[in-house]
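Trainee: Could you take me through the reading of helix packing, strand pairing and burial with a worked case?

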Amino acid sequence: MEQTVRVTGPSTVSGTVTVPGDKSVSHRALLLAALAPGTSRITGLSNGADVVHTAAAIVTLGATLTTLDERTVEVTGGALHEPAAVIDTGNSGTGIRLIAGLAAGLNGLTVLQGDASIARRPMDRIAVPLRLMGAVVDGREGGRLPPISIRGGDLRGIDYAAPVSSAQVKSAILLAGLRAAGETIVREPVRSRAHTEEMLTVRGADLDVDGATVRLRPSQLTAVDEAVPGDPSQAAFWLVGAAALAGSDVTVEGIYLGHARGGFLDVLRRMGADVTVTESASVPRAWDVRVRAGELRGTDIEEHEIAGLVDEVPALAVAAALAHGVTTVRGAAELRVKESDRVATTAAMLRAFGTEVEELPDGLVITGGARLHPGRVDSHGDHRIAMAASILALAADGPSEIIGFEAVATSYPGFLQTLDSVTVDSVASGDPVGD
Ligand code: S3P
């Protein structure tokens, strides 16, 4: 059911928060545990619906999953087989593309589908390399759109120069490459997030990385426990709010800040925010980030930076709207094929509050500093648009409405509770208004 949430500004954001487990790490922890013989315990797993779908998918593929509590599971893997049912990946592009890669290495047929947004997401980017490896991939429009089918097994390694930097594409190829004959090489224009390479290495895969090139030889994985760090992409909403809303001061504890995930912090620093990063005392390989508000100024976000902040553009657009001067985002055409066309939906979200925005084919030109009025924003089924709008609403004087707020559950079911805890009293309407 569509849900409308009211967020009433003005408010600062202050306090110490934690965020859900990193979504990228959570998907991979489940899939790699499903491939590895033995039992892996995963703690701190994302509780978002995307990851819940991937957890169900590995069970359909033959893994055993025991839920110990909302964030802790044990997975026994190593005996995957042709699934007896169609796999539903929900809203998750990462889920459908990574599972397609894993399925390419299995004998038999796997059919993958998802929700209305997934049905629009391009699959040719994985179909092309997986076919080169020997899988038979089909789907709507010749395999371009889901539902897609993969008849896998008997693969050979390829040397693949990916036309766009995409961790989903890289990961699909590497998961298939685990079972392919010979070496699998993926070359990217700019190195995307590195979770798959990092997590495969920890699990004993025979792999090396040279710049933006990954080489993998066929490998049997070992079961390894995983403590999932917090998700920097969810932290970004609180940290952007802290940077841009005068008088704010937020610390997010225990987030991942490895390769290609912390680019938004560099942008916030450049815009004038006060950012402090310290090693987490409680979460291994994670960081606590404190941001205090500053007088923000516009900046240019260049093409080479996009791979390092690809999911943070809606959040950074909020900072841009509240900064003095112009912010440009270029080289970000990939945003047009995310959960929504994020160039268009980010622009529409900003305009709803009175910010001047120009849409480019591959980016945005945002003129910041205008006095904002309360907005009425449609999420277009995109969790990040709903969350970005909730933060920008805090800068407007009066109640804003966010329609389609239910999308937030794909990645951040506790978002509204945290919004309540970091803002002044009764900012978010306690009970979301059901439509
Ligand atoms: C992800 C990779 C990114 C990102 C997505 C998660 C991943 O997509 O937008 O939210 O976990 O591999 P692309 O790699 O297609 O850019």
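Mentor: We shall take the helices and strands in turn, keeping in mind that this is a predicted model.

Trainee: Let us begin with the helix pair α3 and α4: at what angle do they pack, and how far apart are their axes?

Mentor: Helix α3, residues 93-104, and helix α4, residues 124-132, pack at an angle of about 15°, and their axes are 10 Å apart. Because angles under 35 degrees count as roughly parallel, α3 is described as roughly parallel to α4. The crossing of these two helices is right-handed.

Trainee: Which residues make the contact, and how do they divide by character?

Mentor: A general idea helps here: an α-helix has 3.6 residues a turn, so residues three or four places apart point the same way. In this case α3 contributes R97, A100, G101 and A104, while α4 contributes R125, I126 and L130. By character, the residues of this contact comprise four nonpolar, one polar and two charged.

Trainee: How should I read the strands, beginning with the sense in which β6 and β7 pair?

Mentor: In general, the strands of a sheet pair through backbone hydrogen bonds, either parallel or antiparallel. Here strand β6, residues 87-88, pairs with β7 in the parallel sense over two bridges, and I87 stands opposite L112 of β7. Along β7, residues 108-113, the side chains alternate, with G108, T110 and L112 pointing to one face and buried, whereas L109, V111 and Q113 point to the other face and are not buried.

Trainee: What is the strand order in the open sheet of four strands, and which strands lie at its edges?

Mentor: The order in that open sheet is β4-β5-β3-β14, with mixed pairing. Its edge strands are β4 (64-69) and β14 (226-227), each of which pairs on one side only. Within the sheet, β3 (residues 38-43) and β5 (residues 72-77) run antiparallel and are joined by five bridges, with S40 standing opposite V75 in β5. Helix α1, residues 23-35, lies across β3, β4, β5 and β14, and runs at about 35° to β5.

Trainee: Finally, how many residues of α11 are buried, and what do they pack against?

Mentor: Helix α11, residues 342-352, is mostly covered, since eight of its 11 residues are buried. Those buried residues are R342, V343, T345, T346, A347, M349, L350 and A352. They pack against two helices, α10 (313-322) and α12 (383-393), and against the strands β20 (356-360), β21 (363-368) and β22 (376-378).

How values were computed. Residues are numbered from 1 along each chain as its sequence is written. This is a predicted model: local features need pLDDT of at least 70, side-chain atom pairs count only at pLDDT 80 or more; totals for chains, interfaces and linings use all residues. Side-chain values use heavy atoms; hydrogens and water are left out. Axes are lines fitted to C-alpha atoms, for helices over the stretch in contact, and angles run from 0 to 180 degrees between N-to-C directions. Angles under 35 degrees count as roughly parallel, over 145 as roughly antiparallel, 65 to 115 as roughly perpendicular and the rest as oblique. A crossing is left-handed if the near helix is turned anticlockwise from the far one by less than a right angle, and right-handed if clockwise. Contact means heavy atoms within 4.5 Å. Ala, Val, Leu, Ile, Met, Phe, Trp, Tyr, Cys and Pro count as nonpolar, Asp, Glu, Lys and Arg as charged, and the others, Gly among them, as polar. Buried means under 20% relative accessible area, exposed over 50%, partly exposed in between (1.4 Å probe, protein chains only). Two strands pair if DSSP finds at least two bridges between them.
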